[in-house]
Amino acid sequence: MSIEAKNETLNMIKESKIIFPNKDKVKNTNAGSIDAFNNLLKRSWDEPEKFWEDVANELSWFHPWSKTIEGEFPNFKFFTGGITNPAFNMLDRNIEKGYANKLALIWEGENYETKFYTYKMLLCEVNKFCNVLKGFGLKKGDRVSIYLPNLAETVIAVLACYRMGVLFNTVFSGFSANALRERLNHFEPQVFITADGIYRRGKVIALKEQADIAIEKVSSIKASIVVKRGGNPISMKSGRDYWWDDLMRKSEAEFQPELIEANEPGLVFYTSGTTGKPKGVVHSGNAFVINNYIYAKYHLDLHQDDVFWCMADIGWLTMHIWGIVGALSNGITTIFYEGAIDYPEQDRVYQILEKYRVNKWWTSPTATRMLMKFGEEKLKPYDLSSLDVVAFVGEPLNPEAWKWVYEKIGKGKIYLNNTYGQTETAGCPLAGAAWLTPMKPGSCGIQFLGAQLDIVDDFGNPVEPMTVGNLVFKKPIPMLIRDLWKDHERYLDTYFYKVPGTYFTYDAAVRDNDGHIWVLSRTDDVINVSGHRISTMEIESAVMEVEGVVESAVIGSPDEVKGMMPVVFVTVRDENNEEEIINKIKLKIVEKIGKIALPKDVFCVPTTPKTPSGKIMRRFLRELVIKGKIVSDTTSLENPDSIEIISKIISGI
């Protein structure tokens, strides 16, 4: 990166303005005052054992732990010897507190069907499904894979696995049969859960057809449980396939929670690796709940009368972090929505927010930019005055999108929490505390409760504020990755040997003079143009300043003279003005960074390849430009059709 370009980025961060929380809101938060929260934050870093002990004591335990924190990277433990159960802390504990008849789960289908469950109703359904799994011989330590969309049955299955101590994962229902089979063969589940069909944009997708192709060659699977959702004709294999409803109808509603030690594995979540081969990230079930309980409590300032909607797909860990564990461990009402968020109308999001008087809402930067593209007119008919806190995660949030949500949706009366996390971190160690931490459009907030991070150079030396470096964890937190499934050496090599003594995130970041941290890009998202290192995020930020640009992604392409050159992909609001916008983009890049960053090409595309959590998969753009085709695993895509569309645009077809 050139000196001029680096200074431009740092000046933008330096000049970013703090937005202070509404003073009237502060006193009603869980902390009660900014000073009280800051004291809690300081204690979580200075006295981590006492802090995590106090957090754990807010939950229920069957047997106390002997040591709060034990060991360091890469071998660490929390609450050693402590016995509890994740599902008990999300269900039974709330019932014991008097919330038996409180609404726990609202489910709404794309076709407007609805289901409602109180905490007692949900516990009964979970217990029944535990007995179903027990009937197939499953016990603590066995494995279940769930290949479903956002259904009520999906939540029930997840909670039942937690209650039994059965390891589980949820696989994105948009994955192909090959992608599904790859994960199943690696995980080796004994029971597989799917549906006959699922709704997507008004059509019924034959999910079980894909599932049957996948599981035919997975020898570990002894039973396949099928939820009746689409009503489409399917084949049922005798002795292997069973209808969910038939099994549940015969099952008893009592099941004692399994005794689980605090560090035992609870879930294995697959995430794409740099080689395209998915990695099975292992998390402790109890630690996942304990950590996300306290984080969600302060990220969203959760209270007992809250209604929370997390828009993520159950196939991504975000929905588990916020929509299941964060919500239910705090005893609030959570919403699960199945289907596209812009179907059958572009205002479907606003319909749901108004209908259920949602006051806490999670969305993604990509979804936000989509709403911006639809325009303010779609928003105007709806009363969204109930909204109080809006949270983001998944990818960098550009200031334009931040301001649009704050001003247009929230009327300047909401708290916006732009957070940072990874599948491996199992939650958001960079974030704000709603109504307590000052906001900055574009920043990821501060290092959160108990999370001790730093920004270091390539040798592990801390860098000064306003200096770009590598984001690392100096100390573990309970929910951090514990291993990679069947690949311990890869776990060690990937995360702990890059900078010894730390967990290496592979993200580049800057800490500003107010203590806010800005995650800029992956550390390998840097283009070397004629010896000048230029951040792709820096170019994207410049592009997003051009009026009419809704979304941007930048990759580097080899050049015979300059070594590498930027290639820009943009989605624009008005396709009729593409040529004019392309010219403006080039001028803006020269203005903000310099001629050295002038792109080799600018492509206007209707969409970019994304995961369901909203992350733009830039590696696929890179492969299309450099190799002319996709050579790595595309199973993590929510919109695989984007590949062919973009390929034709690049080829000029």
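A salt bridge here means a side-chain nitrogen of Lys or Arg within 4 Å of a carboxyl oxygen of Asp or Glu. By that rule, the structure, which is a predicted model, holds 40 salt bridges. One of them pairs Asp-342 with Arg-201, with N and O 2.9 Å apart. Asp-342 sits in the loop that runs from strand S17 (333-337) to helix H14 (348-355), while Arg-201 sits in the loop between strand S9 (198-200) and strand S10 (203-205), so this pair ties together parts that are 141 residues apart in sequence.

The loop between S17 and H14 has another point to look at, since Pro-344 is also found there. The bond that joins Tyr-343 to Pro-344 is a cis peptide bond, with omega at about 0°. A cis bond also turns up between Phe-73 and Pro-74, this time with omega near -5°. Pro-74 belongs to the loop between strand S1 (67-72) and strand S2 (75-80). As for backbone angles, Glu-188 has a phi near 60°, which is a positive value in a residue other than glycine. Its place is the loop between helix H9 (177-187) and strand S8 (191-195). For background, most residues other than glycine have a negative phi, and most peptide bonds are trans.

On the scale of the whole chain, the protein splits into domain 1, covering 31-509, and domain 2, covering 527-651. Their C-alpha centres are 30 Å apart. How much area do domain 1 and domain 2 bury between them? The figure comes to about 1900 Å², with 54% of it on carbon and sulfur atoms. On the domain 1 side, Trp-316, Arg-369 and Lys-373 lose the most area to domain 2, and together they make up 27% of what that side buries.

Counted by residues, 25 from domain 1 are in contact with 24 from domain 2. Between the two domains there are 2 salt bridges. Arg-200 forms a salt bridge with Glu-638, and the closest N and O atoms of that pair are 2.4 Å apart. Polar contacts across the interface come to 1 residue pair, with both residues at pLDDT 80 or more. Helix H9 (177-187) and helix H15 (365-374) are the elements that give two or more residues to the side of domain 1 that touches domain 2. Of these, H15 gives the most, with 4 residues. Sorted by class, that side of domain 1 has 9 nonpolar, 8 polar and 8 charged residues.

Towards the N-terminal part of the chain, an unreviewed UniProt entry places the feature "domain: Acetyl-coenzyme A synthetase N-terminal" at residues 39-89. In the model, residues 39-89 are 41% helix and 27% strand, and the C-alpha atoms at the two ends of the span lie 27 Å apart.

Ile-95 is part of helix H6, which spans residues 92-99. Which residues does Ile-95 touch, leaving aside those up to four places away in sequence? The contacts are Ala-100, Tyr-119, Lys-120 and Leu-123. Val-158 lies 63 residues from Ile-95 along the chain, and the C-alpha atoms of these two residues are separated by 19 Å.

Technical notes: Residues numbered from 1 in each chain as written. Predicted model: local features only at pLDDT ≥ 70, side-chain atom pairs only at ≥ 80, totals over all residues. Heavy atoms only, no water. UniProt positions renumbered as here; feature names shortened; annotations may be inferred. Domains from an automatic or database assignment. Contact = heavy atoms within 4.5 Å. Buried area = accessible area lost by both parts, 1.4 Å probe. Polar contact = N/O pair within 3.5 Å; in protein donor to acceptor, adjacent residues only side chain to side chain. Nonpolar A, V, L, I, M, F, W, Y, C, P; charged D, E, K, R; others polar.
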